[in-house]
2 protein chains.
Amino acid sequence: MKSFYFILIALVAFSCQPKEADKVSTAKTDPLPSWNDTENKEAIINFVTEATKEGGENYIPVADRIAAFDNDGTLWCEQPLYIEMVYSLATAKQMIADKPELAKNPKLKALTDKATFEKNPELGIETAFVLTHAGISDTDFGYQVDMWADSARHPRFQKRYPQLIYRPMVDLLQYLRDNQFKTYIVSGGSSAFIRKFSDGLYGIPAEQVIGTMLKGEFQASDNTYKVIYTADLWHNDDKEGKPVAIQQIIGKKPVLAFGNSDGDKQMLEWTSTNKLPNLSLILQHTDAEREYAYDSLSHIGTLKEALKEGIAKGWLIVDMKQDFKVVFDFQQEQK
Amino acid sequence: MKSFYFILIALVAFSCQPKEADKVSTAKTDPLPSWNDTENKEAIINFVTEATKEGGENYIPVADRIAAFDNDGTLWCEQPLYIEMVYSLATAKQMIADKPELAKNPKLKALTDKATFEKNPELGIETAFVLTHAGISDTDFGYQVDMWADSARHPRFQKRYPQLIYRPMVDLLQYLRDNQFKTYIVSGGSSAFIRKFSDGLYGIPAEQVIGTMLKGEFQASDNTYKVIYTADLWHNDDKEGKPVAIQQIIGKKPVLAFGNSDGDKQMLEWTSTNKLPNLSLILQHTDAEREYAYDSLSHIGTLKEALKEGIAKGWLIVDMKQDFKVVFDFQQEQK
């Protein structure tokens, strides 16, 4: 009788094992293992914990859990040059090598010269996108980016550029998604370029990438249909462009935004005035050894106004040196 | 002993009831109960069944299951006037009532007259959006739409406009989502207007609504931040504008598109050349009794070129009279 009883109890227990997909881990595992145990980490975990506590005063309905991340300098390295600019410079060189007469275009010629870009990074980016991303279908653009990404190496770390993603940010994105946040990239870089990497590197699908966009044109001939990028800028997704695009494309104010430069200021400001509980975060690059130490001194990723405002308003200022246990995966592997 | 045995069996059975969210119905329930059992219904079910059969030759990876639906005349009634135009006309009238000097603007004045709009519907829509949707924040725009939607009634059916959604289309959207398709609205109407209804009526969240958009402007003053719609058109989401916006915003070609007019032709063409299995569908309005019978004769929802092409290319031509068991919910309730 006793053994029969046990068998049935075991049967109940066994039959009721939740499937893998349903399993909610009850063990107290660290949701952000690549972060040091600092106040910033605690604040992030508190925010997410409260946001998901049904009935709590800081609860955020699932449909409103929109999290917006800048890309360059927030999710991956932007020094010594934005990765997409590295691609654009290489493409400009290749275009002139393939068709030497293109060197007559002074802008394209200038684009092969890193120093010229650095003197005027803002103009440089628009020019670069128009000259090296236009007149091409998304598919063909994709092939070019793939080929480049396979061969190009970062000058200091000697790694392929897609390896220059910050592990703590990837962990944070996953942690947010595990808590039913919808993670978006909102970047000054072009959506076309970022989409080549976003799913594989960050788990962010194409439709959750918002970036700078050239005007698209629908071309139809002989039952073949293409959307081609033209040489006109349609949307500059920097500064004011970020909240505007979020409103146009997502139609909801984020509850969390994470940036690293003055180009993210407006997105952080806008997020910080959400009526729902919200969190604005800035990543400060303070780690010359593992990455780079820069802010207002850099012509790339300038962080001055946003930092001042963030400190005054109590946004979380994440310090790479203090808060990141790991920066890049390849550094961890080396240990 | 026997009763003890039964109790334990019952315990096993009871404890192992799957939670509502996990339940996968194994009963052969009809996934499209509001559709008649026609060839079109069978073709839709076959497409979805094959698309989700892992290892099958017509399998579509989950990430690529993008379904794009036109709104006016596809998801809800567009006769005798686009619903958003009804709103715009009412708003123009209200604006002039509030500020009589606005009547000096000939375009706004013309907008209060339905006959003028009908003579030139294309110009009418752009003018209407610019005049009645601009200079206002999304929140304020939302209040206005809510107020209007509560009081306005459809002239023939005497129902509130949000009641004029097609039950078979709502069922189809749900069926697709149950099979992990991501359902989008891609409409010539404005995203701002559609988003007021999309989640409640169709289960489509704001971020999956793509429509015509006025240029947005970020306004900051005294720590208040707003995105305001200006009087410039940013994107006309009709005809060529539909595939272009899909590429810009979703970044993937749909595997299913559903429209009802020549304004959807390019989206349907583009979808029909997806390398993955795909389905292009046209809803033909053939039911004068339960809804309206119209196509090339109507100044709204003209269906001529798209129908010709759809028949030639084997797209599914859904016939409202033949294929819809129910059109509107309120008609079913009356029976």
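Colleague: What makes B:Thr183 count as buried?

Modeller: B:Thr183 has a relative accessibility of 0%. Buried means under 20%, so B:Thr183 counts as buried. Please keep in mind that this is a predicted model.

Colleague: Where does B:Thr183 sit, and which residues is B:Thr183 in contact with?

Modeller: B:Thr183 is part of strand β3 (residues 182-190) of chain B. Leaving aside neighbours within four places in sequence, B:Thr183 is in contact with B:Ala67, B:Leu173, B:Leu176, B:Arg177, B:Ile204 and B:Gln208. As for B:Asn278, 95 residues apart from B:Thr183 along the chain, the two C-alpha atoms are separated by 14 Å.

Colleague: Let's turn to a glycine. Why is A:Gly301 called buried?

Modeller: The relative accessible area of A:Gly301 is 5%. The cut-off for buried is under 20%, so A:Gly301 is buried. A:Gly301 lies in the loop between β8 (293-294) and α12 (305-313) of chain A. Not counting residues up to four places away in sequence, A:Gly301 touches A:Glu78, A:Tyr82, A:Asn260, A:Ser261, A:Tyr294 and A:Asp295.

Colleague: And A:Asp222, why is that one called exposed?

Modeller: Exposed means over 50% relative accessible area. A:Asp222 has 76%, so A:Asp222 is exposed. The place of A:Asp222 is the loop between β4 (209-221) and β5 (224-235) of chain A. A:Asp222 also has a positive phi of about 50°, although it is not a glycine.

Colleague: Which residue of chain B, other than glycine, has a phi near 55°?

Modeller: That is B:Gln158, where the value of phi is positive. B:Gln158 is in the loop between α7 and α8 (167-178) of chain B.

Colleague: How do you know that helix α10 of chain A is mostly covered?

Modeller: Ten of the ten residues of helix α10 (residues 241-250) of chain A are buried. Among them are A:Lys242, A:Gln247 and A:Gln248, along with A:Val244 and A:Ile249. After α10(A) comes A:Gly251, with a positive phi near 75°. For chain A as a whole, buried residues make up 53% of the 335 residues.

Colleague: Now the helix pairs. What makes α10(B) oblique to α11(B)?

Modeller: Helix α10 (residues 241-250) and helix α11 (residues 265-272) of chain B pack at about 55°, their axes 6 Å apart. Angles under 35 degrees count as roughly parallel, and 65 to 115 as roughly perpendicular. An angle of about 55° fits neither range, so α10(B) is oblique to α11(B). The contact joins B:Lys242, B:Pro243, B:Ile246 and B:Gln247 of α10(B) to B:Gln266, B:Met267 and B:Trp270 of α11(B). By class, that contact has four nonpolar, two polar and one charged residues.

Colleague: Why is α3(A) called roughly perpendicular to α7(A)?

Modeller: The angle between helix α3 (residues 83-98) and helix α7 (residues 138-151) of chain A is about 100°, and their axes are 11 Å apart. Roughly perpendicular covers 65 to 115 degrees, so α3(A) is roughly perpendicular to α7(A). On the α3(A) side, A:Ile83, A:Val86, A:Tyr87, A:Ala90 and A:Thr91 meet A:Phe141, A:Gln144, A:Val145 and A:Trp148 in α7(A). This contact has seven nonpolar, two polar and no charged residues.

Colleague: What about α7 in chain B, why is α7(B) called oblique to α9(B)?

Modeller: The axes of helix α7 (residues 138-151) and helix α9 (residues 191-202) of chain B come within 10 Å and cross at roughly 60°. Since 65 degrees is where roughly perpendicular begins, α7(B) is oblique to α9(B). The crossing is right-handed. By class, the contact of α7(B) with α9(B) has seven nonpolar, one polar and three charged residues.

Colleague: Which peptide bonds from Gln79 to Pro80 are cis?

Modeller: The bond from A:Gln79 to A:Pro80 is cis, with omega near 0°, and so is the bond from B:Gln79 to B:Pro80, with omega near 0°. A:Pro80 lies in the loop between β1 (66-69) and α3 of chain A, while B:Pro80 is in the loop between β1 (66-69) and α3 (83-98) of chain B.

Colleague: Last one: how do you know that the two copies are related as by a two-fold rotation axis?

Modeller: A turn of 180° with a shift of 0.0 Å along the axis lays chain A on chain B with an RMSD of 0.0 Å. The two copies are therefore related as by a two-fold rotation axis. The same surface serves both copies, as 100% of the contact residues of chain A recur in chain B.

Key. Residues are numbered from 1 along each chain as its sequence is written. Chains are lettered from A and ligands numbered from 1 in the order in which they are written. This is a predicted model: local features need pLDDT of at least 70, side-chain atom pairs count only at pLDDT 80 or more; totals for chains, interfaces and linings use all residues. Side-chain values use heavy atoms; hydrogens and water are left out. Axes are lines fitted to C-alpha atoms, for helices over the stretch in contact, and angles run from 0 to 180 degrees between N-to-C directions. Helices (H or I, at least four residues) and strands (E, at least two) are DSSP runs, numbered from the N terminus. Angles under 35 degrees count as roughly parallel, over 145 as roughly antiparallel, 65 to 115 as roughly perpendicular and the rest as oblique. A crossing is left-handed if the near helix is turned anticlockwise from the far one by less than a right angle, and right-handed if clockwise. Ala, Val, Leu, Ile, Met, Phe, Trp, Tyr, Cys and Pro count as nonpolar, Asp, Glu, Lys and Arg as charged, and the others, Gly among them, as polar. Buried means under 20% relative accessible area, exposed over 50%, partly exposed in between (1.4 Å probe, protein chains only). Contact means heavy atoms within 4.5 Å. Copies are superposed by least squares on the C-alpha atoms of residues with pLDDT of at least 70 in both.
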